[in-house]
Amino acid sequence: MKHNRFSVGKALIYLFLILLCGSIVVAFWHLFNLSLSPSYIATRGGLLLWPKDPTADNYARVIGNRYIWLGYKNTIIRTVIGTVLQLFFTSMGAYVLSKRFFPHRTFWTLFIVFTMFFSGGLIPNYLLVKGLGLLDTYASMILPGLISAYNMVIIRNYFQSLPEEIEESCLIDGAGRFRIFLQIILPLSKPILATVALWLVVGHWNSWFDVLIYISDDTKFTLQIVLRRIILTGSKEILDTSAAANAAEMESVVSSEGLKAACIFVTTFPILCTYPFVQKFFVKGIMIGSLKG
Amino acid sequence: MKAFRILALVLALVMVLALVPTAVAEDEPMKISVAGYMFGPLDNEKDVITPAVEKMLKEKHGINVDIDVVYIEQGNYAEILNTRLSGGTAPDVFLAQSTTTLNEYLDQGVIRTWDEAFLQENAPDVWNFVMNGAAYGDLKDDVEAWKKAAVRDGKMVVLPSFKPDGSMPYKTLIYRGDWLDKLGVTEETLPKTVDEFVGLMERFTNEDPDGDGEANTYGCSITAMKALFGSYGLGTGFSGSTSYWVLRDGKVVSSDVADDAKTVIGILADMYAKGLIDKEFVAGKESVEGSYWAISHGMVNGIYGVSANASIDHYRLKGIAGPDDAGGRCATEYWQVNGEDSTFVYGPWPAGPNGDYGWEVGTPVAVSESAVYNANVSDEKLAVIFKILNAFATDDELYMLAFAGIEGEHYTKNEDGTITRLMGNEDLNAVGVWGCRSLYGSDRAFSELGYNLAFYNDKTIANRLNWFKKDQYNSYIQDVVTETLPSAGELFGEVNTIRDEAYVDFIRGDRSLDTWDDFVADWMSAGGETLTNEANEWYASQN
């Protein structure tokens, strides 16, 4: 039971981790209290350790906002479909590139990696998406990022670490390449797939810029766009344009800090909740149980 | 020959057929897409206003249009618009946003121009309103400024909006009332000169105005310090912004490096040495991150006696905007911290030796919320757009419909001529209110009603205007250069940083004022010289 014994080094590590967690938790706790505060307390600034005069008004307003629910729907659609498709196509590409006997493998790998460092830029991308007739469709949020070079390289490396003997035995048993990929390789690669899937989910959940550029139909706006609008409405950046014009109008435009906090909570809570469930895959060792039976 | 005849017949038939769709098209509404200033997207299912506006335009004014309201998020307006401009999907009418973006659009040929006569012909009432602003008192003198802002190389590009309060200083000196009472200073005896101002700062610091027996008070905050630049005819951007250009001996000089700036910095350094200025004035107890920007926490919480971080409207007294008015945003904060009976006093700007005083003021016209027209808008379409513009300026019923919605449902009229909106801005946008906004040509119609609703009936603005009409509450400080200089974006960041660092060092006494010329040399070589040359070239081209 040596590992249970107290040591100074361990205590320091725990202390450091507790402080690190604390620094993150405090921010969330402050935001949570802010979301429960009426506007006159929220504008004052400063750290809120306990809610003063708690009120559910902010949450009522956020939940009453039609665009929040539309946003939820659209975000869930793009996240689920986007993640599944991206994972499938990226891993297929990675599988091919992981094979040593694939002709010109290095060339094709570099060809794909090249896009990691050089991209067409905003306007050419917009013209492409427009030319493909994807403007105002869910496809415009999913197809342009269908293959991510970085994720593909990560998955490819993982595939390369799997022993080739498994595949050879499958081939002898009469399985085709596609069956091997679906029934052997993918199940064996759960840890890496889960990791990449989490990145993709978070990426889809948080992304807003593509929606801003490609979507003008308000019923297809995602959650982050709605959130952004509520938050930005209160920022000085926007107010300054009319600052000298009409102070009264300006004040009415501002969303209260409490409302912003409530919005942030409503929109980020689901994604925060998925972390603990996927986390176990991060720590799982490679190849667990791969050759059993 | 027969074949030739048949061919001729076929050709004639084709020509006749070609005419048919044109004849039909005349009955079809003309499509006009518009992306104005909106708080949220239009909800096509709930939109009742746009169809009603289209109907009224058709029935009362004989203008048959199909208005497509396009929502572009304000936070990334330019970015989204630029991609759409390059993709050819930009709307017909969009916002100029600023003089800089307007000039860029013009240089790139993405917006169109027109002759003055074209506007006069298609929107005669708009033209008359602009040229005869006499009915609106303050607007009369601003016609020249309007023309200057609207025209580039003899062609019109935009319809600027008048800002009757644009030539008023936005911010105001706000003194703590309890401190003034303690020291026996009344509104009449508030400092009106630089010496009196410095004198009061000394008393704020040394005579324990908060009465707690401790030396924990200071004269003024960093924003109030900036008022002294106004006393010497300068508009400073000290601490993060760009300064105004001023005239000195016929040359355009930046307020940063004008000789008077040295004098002001000398006064401030002297005040700092005497302890009248908070040692942490740079870090600031003015705007605090995360709380409303105009609140001066140092002033509200009794560290400074005076601040100039907010407008009179932020410190609006109760009941000015109406019976339910609880006061301005900073005023309510002030009362919460200092008690319901606590007071604050609006102060006059201290005058300098030449009688100058004030705070930077803007121009009496603005283009930020004005419309510009896509380069691919045809003359025919532009004529229709201008006819709509004219309809908004002459038909108050139409304007109220587009601007405020349906009475009783979206707004109610008050006795004093103002309106009370019955929904939030985003909900109003969803049902179509403000959707046609940019079709007014600017953020309000060019009509008496348009300006009354936006300005003169608004009691909070009337309140500000009344204060700013008083001597020494108004201002003399104007920017000589009213356009963005070519190298502004590239160079101002660096020169502003050099100025801020040097000013702070001078004031804190870390650097001797004898080295002022070295600072000016640094400022010049970091890009100030280029900017100064550009400013002088621009000024010469205008006069």
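**Figure 1. Buried residues of helix H20 in chain B of the predicted model**. In this predicted structure, the buried positions of H20(B) are Phe492(B), Val495(B), Asn496(B), Arg499(B), Ala502(B), Tyr503(B), Phe506(B) and Ile507(B). They lie on the same side of H20(B), because the arc that they cover around the axis is only 145°. The partners against which the buried residues of H20(B) pack are helix H12 (259-273) and helix H21 (516-542) of chain B. On the face turned away from this buried side, H20(B) carries the exposed residues Glu490(B) and Thr497(B).

**Figure 2. Span and end of helix H20 in chain B**. Helix H20 of chain B comprises 21 residues, from 488 to 508. At 1.5 Å a residue it should span 30 Å, which agrees with the 29 Å between its end C-alpha atoms. Just after H20(B) comes Gly509(B), whose phi is positive, at about 80°.

**Figure 3. Domains and overall composition of chain B**. Two domains are assigned in chain B: domain 1 consists of 29-167 + 365-446, and domain 2 of 172-360. Taken over C-alpha atoms, the centres of domain 1 and domain 2 of chain B are separated by 38 Å. Along the principal axes, the C-alpha atoms of chain B fill a box of roughly 110 × 55 × 40 Å. The secondary structure of this chain comprises 21 helices and 16 strands. Of its 543 residues, 46% are buried. Among the contacts in chain B with a separation of 6 or more, 75% are made by residues 24 or more positions apart.

**Figure 4. The contact between domain 1 and domain 2 of chain A**. The domain assignment places residues 1-55 of chain A in domain 1 and residues 57-283 in domain 2. Each domain of chain A brings residues to the contact, 10 from domain 1 and 10 from domain 2. On the side of domain 1 of chain A that touches domain 2 of chain A, helix H1 (8-35) and helix H2 (39-42) each supply at least two residues. The largest share of this side, 4 residues, belongs to H1(A). By class, the side of domain 1 of chain A that touches domain 2 of chain A holds 5 nonpolar and 5 polar residues, with no charged residues.

**Figure 5. Helix H9 within chain A**. Chain A has 16 helices and 0 strands, and 29% of its 293 residues count as buried. Helix H9 of chain A, residues 164-172, is hardly covered, with a count of 0 buried residues among its 9 residues. Just after H9(A), Gly174(A) takes a positive phi of about 100°. For chain A as a whole, residues 24 or more positions apart account for 72% of the contacts with a separation of 6 or more.

**Figure 6. Prediction confidence along chain A**. The mean pLDDT of chain A is 81, with 83% of its residues at 70 or more. Among the elements of chain A, the highest mean pLDDT, 93, is that of helix H7 (residues 139-142), and the lowest, 36, is that of helix H14 (residues 236-239). The pLDDT is below 50 over residues 234-254 of chain A, a stretch that has 34 contacts in the model beyond near neighbours in sequence. Residues 285-293 of chain A likewise have a pLDDT below 50, and this stretch has 3 contacts in the model beyond near neighbours in sequence.

Conventions:
Residues numbered from 1 in each chain as written. Chains lettered and ligands numbered in written order. Predicted model: local features only at pLDDT ≥ 70, side-chain atom pairs only at ≥ 80, totals over all residues. Domains from an automatic or database assignment. Contact = placed C-beta atoms within 7 Å. Nonpolar A, V, L, I, M, F, W, Y, C, P; charged D, E, K, R; others polar. Expected span 1.5 Å × (residues − 1). Buried ≥ 20, exposed ≤ 12 C-beta atoms within 10 Å, placed from the backbone. Arc of directions from axis to C-beta. pLDDT = per-residue confidence, 0-100.
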